[in-house]
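Walk me through this structure, beginning with one helix pair and moving outward to the core and the overall fold.

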Amino acid sequence: MSKSFLKASSGVAAVMLLSKALGFLRQSMVANVYGSNTATDVYFVSSEFTTNLAGAFTTALTTALVTVYISVALRQGKEAAGKLASRVLSLFLLGAGAAVVVLVLFAPQVGRLLAPAYGPEQLDMLAHYLRMFSAAFLFSAFQSIDAAVQNANDIYVPGKLYGVIFNPVAIFCMLLLGEKLGLSALVYAYYAANLIQVVLLRLRCRGLYRFVPSLGARQADVVQVWRLALPGLGSNVVIQFNGIVDKAICSYLGEGMASSYTYASTLEQFVTGTFTATISLVLLSRLVALAAGEDQQGMLRTLTQASTMMVLILAPVALITVLSAGDIVSLVYHRGAFTPENVQSTTLALLGFAVGFPIIALRELLIRVHFAYQQTKGPMVISIVAVVCNITLSVLLSIPFGVLGVTAATSLSAVLSVVLLARGVRKQLPGFRLFARPGRYGKCLAAMVVSGAAVLAVGWLGVASVLVRTVLKLAAGCGVYFVVIVGLHYPEVRAFLRTRRTRR
């Protein structure tokens, strides 16, 4: 990996790590103040539906716009690329406004679809929160386009500052208004944080492009953005639909199960959101440039290095998380209104998510390769197939295993996605093999076995303090794994260490 890639990745990773750490603190306070009950279920179902659906638009448009923006900038210059961004933002705002109107008018009907097991009182509360969070579509319009323009110009940090802004604001509002307003305090925090983020991104984009409302829907470059974005949007919406179904299934499993799902998802996002999103974000521009230059060898080398790095890092993280899940959940959430029963259900949910860490990372990487080659229909079809598989497994596994079955289904369906996506990549890169280096993965497996034994050994010591025990498990697992990997002369580790020494 080049110095520029490592520098960009390090900056984004640092910001996202801080964001996720603050997110931990926020969710810990939510669990402490509000617990895990029907009220929190309603709040999480409504907030995650609107923000995740808006995020589906954001991800699709950001990825598509980066791809076309770079192409236009190379052919016609930055000014033409800026006009393209302005037109796309205008269209996005128009669609976002329509989405807000629809959600406000039909919130009760949407609520029934999201939580069919709820009674009239819970459905009224859910409709209220859906209307409150409908502004997510407008916020996402500005944030996605401004972040995409900055990413295309190798500026990655500002677009990832939302968590650094929202989490402290949410904590402040909970402390100041939580007792008086209840969960509504978090809604006010959501509005304040998003307004701050929009203003910051707008200011950072002043030297890159000027927003002038102009629809221009029929212009060739705008059409190309939407042609690439719509299949990606379809994929993301299908994935969000899967999350909706999962929470609906959780609503049948008992009070607080949807909240346990969300609390575990927060822990899962600490890994996938920090590492996976960072690598995928920074790699996208490079993959687009390699695809545009028809540099198959460079693409193959970059893809192989990135996929190997993801497995090298996330496979042991998954194992350590599985072996320490109960302690991690207790450390982060077990206080105040969060009961031992909540700890148990959240731990089970985390186990199902954790086994899929490396698979989900590979899935996101392979999707970016498809986008780099402007092949977006394939990922959409694969997402539909995987979601059908996921929903089927969620229903079947939830019967004997409860919330564990629901989250495990997510990881199992991701395996199918990776297999199908890898086949699609091989059509563009015939030499690509996802696990082309069995010897290296064998060393990774050996290091994981020793690392897992170290974690179990710490557990057998019988340390009473959850904090001390968790820290010792994580330190022992990660430390032993790193020592064994370096001792086995893992090439990617040695290359990374050489690069770090060169930078100094």
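In this predicted model, helix α2 (residues 38-76) and helix α6 (residues 136-152) have axes that come within 8 Å of each other and cross at roughly 30°. Angles under 35 degrees count as roughly parallel, so α2 is roughly parallel to α6. The crossing of α2 and α6 is right-handed.

On the α2 side, the contact is made by T50, T51, L53, A54, F57, T58, L61, T62, L65, V66, Y69 and I70. On the α6 side, A136, F137, S140, S144, I145, A148, V149, N151 and A152 take part. Sorted by class, the contact of α2 with α6 has 14 nonpolar and seven polar residues, and no charged ones.

Two residues of this contact, L65 and I145, return in the description of the interior. The largest nonpolar core has 68 residues, and L65, I145 and F432 touch the most other members. Helix α11 (residues 296-333) supplies the largest share of this core, with ten residues. A second core of 66 residues is separate and includes V100, F166, I171 and L186. What does L65 touch, not counting residues up to four places away in sequence? L65 touches I145 and A148, along with L84, A85, V88 and V225.

Two single residues illustrate burial and partial exposure. I313 lies in helix α11. Partly exposed covers relative accessible areas between 20% and 50%, and I313, with 33%, is therefore partly exposed. In sequence I313 and C444 are 131 residues apart, while their C-alpha atoms are 9.3 Å apart in space.

S398 belongs to helix α14 (residues 377-401). Its relative accessibility is 8%, so S398 counts as buried, the limit being under 20%. With neighbours within four places in sequence left aside, S398 is in contact with I249, L253, L393, G405 and V406.

Turning to the whole chain, the secondary structure comes to 18 helices and zero strands. The protein has 504 residues, of which buried residues make up 54%. How much of the contacts with a separation of 6 or more comes from residues 24 or more positions apart? Such residues account for 84% of those contacts. The pair I313 and C444, at 131 residues apart in sequence and 9.3 Å from C-alpha to C-alpha, gives one distance between residues far apart along the chain.

How values were computed. Residues are numbered from 1 along each chain as its sequence is written. This is a predicted model: local features need pLDDT of at least 70, side-chain atom pairs count only at pLDDT 80 or more; totals for chains, interfaces and linings use all residues. Side-chain values use heavy atoms; hydrogens and water are left out. Axes are lines fitted to C-alpha atoms, for helices over the stretch in contact, and angles run from 0 to 180 degrees between N-to-C directions. Helices (H or I, at least four residues) and strands (E, at least two) are DSSP runs, numbered from the N terminus. Angles under 35 degrees count as roughly parallel, over 145 as roughly antiparallel, 65 to 115 as roughly perpendicular and the rest as oblique. A crossing is left-handed if the near helix is turned anticlockwise from the far one by less than a right angle, and right-handed if clockwise. Contact means heavy atoms within 4.5 Å. Ala, Val, Leu, Ile, Met, Phe, Trp, Tyr, Cys and Pro count as nonpolar, Asp, Glu, Lys and Arg as charged, and the others, Gly among them, as polar. A nonpolar core is a set of buried Ala, Val, Leu, Ile, Met, Phe, Trp, Tyr and Cys residues joined through side-chain atoms within 4.5 Å. Buried means under 20% relative accessible area, exposed over 50%, partly exposed in between (1.4 Å probe, protein chains only).
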